[in-house]
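Student: I have a structure open in front of me and do not know how to read it. Could we go through some features one at a time?

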Amino acid sequence: MDDSTRSRTDAPSADARPETRSTRLGRTTYDVVVVGGGHNGLVAAAYLARRGLSVAVLERSGRTGGAAVSAEAFPGVPVRLSRYSYLVSLLPEQVVTDLDLDLRLVSRSTASYSPYRRDGVDGGLLVERPEGPATRESFAALTGSDAAYEAWTAFYGEVEDLARVVAPTLTQPLPRVDDLAARVPTTIWRDVVERPLGEAVERRFADDLVRGVVGTDALIGTFASLHSPSLVQNRCFLYHLIGNGTGSGACPSAAWGRSPTPCSPPPWAPVRRC
């Protein structure tokens with residue numbers, strides 16, 4: 001018989017729980033099974049376990065952590081580098097506090113430095129974090145006035161207004177678009193959420209190098225155009241800039257990725273890995 005005529009009694013009961021016969025797990029039934037022991041899977045499992053549910057995390061590889069794991073990239077060189085998460089900006093501080101994570105992050109004093117040659121003269125566009133007199137002077141040396149720097153601070157000030165509204169929603173039930181838009185200034189909502197980001201970049205900034213620096217956060221890993229109608233570049237831009245309401249990307253300390261150890265049970269939840 002087809003789905004439309006199948007009896008309701010054939011469906012799993014509402015309280016049915018995933019079952020496993022694996023000898024590597026401590027029990028045969030769990031309230032929740034999380035597939036994938038990356039950083040998102042581990043956080044989800046931790047919160048579920050804290051609410052009293054039994055949780056199993058299934059991980060294919062020999063260690064957990066996913067993109068948040070570092071490794072010795074060069075044989076014989078005792079330096080550990082992250083293979084993916086070179087910066088940490090989207091990890092909510094609330095998660096760090098809730099899960100009592102032993103995590104040390106270091107802020108960068110330089111956000112970017114872009115070398116250039118104009119009229120046979122070498123220079124570099126410096127962007128400090130936070131921006132200071134050296135950044136203003138660097139913009140003036142490139143463009144010949146303070147206009148580009150003022151446009152820069154105005155734009156990113158508006159982006160921060162957007163970030164302060166959007167960032168808390170990462171740990172809240174998904175809001176309605178209209179409700180979120182009503183809390184954000186109309187222009188920056190249109191520029192970053194509704195229209196291709198390239199329109200705002202070209203309208204707000206006249207210098208191509210400045211445009212390129214702004215666009216970097218939108219294009220890393222997307223292989224997209226700033227004018228793509230898909231708005232994938234807008235989403236990438238937001239991911240880089242909304243973290244904790246400021247978007248300031250911090251660098252993980254040297255111990256990043258060393259804990260938890262491969263296949264060891266975490267201290268905060270009755271979770272098993274297999």
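Tutor: We will take a hairpin, a buried residue, a helix contact, the cores and the salt bridges in turn. Keep in mind that this is a predicted model.

Student: Which way do strands β6 and β7 run, and how many bridges join them?

Tutor: Strand β6 covers residues 110-118 and strand β7 covers residues 121-128. The two run antiparallel and are joined by eight bridges. To follow the pairing, pick one residue and find its partner: Ser114 is bridged to Leu125 in β7.

Student: What should I look at between the strands of this hairpin?

Tutor: Two residues sit between β6 and β7, and Asp119 has a positive phi near 55 degrees.

Student: Is Thr135 buried or exposed?

Tutor: Read its relative accessibility against the cut-off: under 20% is buried. Thr135 counts as buried because its value is 0%. This residue belongs to helix α3, residues 133-143.

Student: Which residues is Thr135 in contact with?

Tutor: Setting aside neighbours within four places in sequence, Thr135 is in contact with Leu126, Val127, Glu128 and Tyr149.

Student: Which residues of helix α6 are buried, and what do they pack against?

Tutor: Helix α6 spans residues 186-194, and Ile188, Trp189, Asp191 and Val192 are buried there. The buried residues of α6 pack against α4, α5, α7 and α9.

Student: How do the axes of α6 and α9 cross?

Tutor: They come within 8 Å of each other and cross at roughly 115 degrees. At this contact, Asp191, Val192 and Val193 from α6 meet Asn234, Phe237 and Leu238 from α9. Sorted by type, the residues of the contact are four nonpolar, one polar and one charged.

Student: How many residues does the largest nonpolar core have, and which have the most contacts inside it?

Tutor: The largest nonpolar core has 34 residues. Those with the most contacts inside it are Phe139, Trp152, Phe155, Leu162, Phe205, Val214 and Phe237. At least two residues each come from β7, α3, α4, α6, α7, α8 and α9. Helix α4 gives the most, with eleven residues.

Student: What does Phe237 touch?

Tutor: Leaving out residues up to four places away in sequence, Phe237 touches Phe155, Tyr156, Val159, Val192, Leu197, Val214, Asp217 and Ala218. Apart from the largest core lies another core of six residues, including Val34, Ala45, Val55 and Val57.

Student: How many salt bridges are there in the whole structure?

Tutor: The general idea is that side chains of opposite charge can pair when their charged atoms come close. In the whole structure a search finds eleven salt bridges. In one of these, Asp191 pairs with Arg190, and the closest N and O atoms are 3.2 Å apart. Asp191 counts as buried because its relative accessibility is 2%, whereas Arg190, at 34%, counts as partly exposed.

Student: Which residues are linked with Asp191 in a network of salt bridges?

Tutor: The network links Asp191 with Glu158, Arg190, Arg203 and Arg204.

Student: Where do Asp208 and Arg211 lie, and how are they separated?

Tutor: Both are in helix α8; they are three residues apart, so about one helical turn separates them. They form a salt bridge whose closest N and O atoms are 3.3 Å apart. Asp208 counts as exposed at 58% relative accessibility, and Arg211 counts as partly exposed at 23%.

Student: What salt bridge does Glu199 form?

Tutor: Its side chain meets that of Arg195, at 2.7 Å from N to O. Glu199 counts as partly exposed at 31% relative accessibility, and Arg195 counts as partly exposed at 40%.

Methods. Residues numbered from 1 in each chain as written. Predicted model: local features only at pLDDT ≥ 70, side-chain atom pairs only at ≥ 80, totals over all residues. Heavy atoms only, no water. Pairing = 2+ DSSP bridges. Helix = DSSP H or I, 4+ residues; strand = E, 2+ residues; numbered from the N terminus. Buried < 20%, exposed > 50% of the residue type's maximum accessible area, 1.4 Å probe, protein only. Contact = heavy atoms within 4.5 Å. Axes fitted to C-alpha atoms, helices over the stretch in contact; angles between N-to-C directions. Nonpolar A, V, L, I, M, F, W, Y, C, P; charged D, E, K, R; others polar. Core = buried A, V, L, I, M, F, W, Y, C linked by side-chain atoms within 4.5 Å. Salt bridge = Lys/Arg side-chain N within 4 Å of Asp/Glu carboxyl O.
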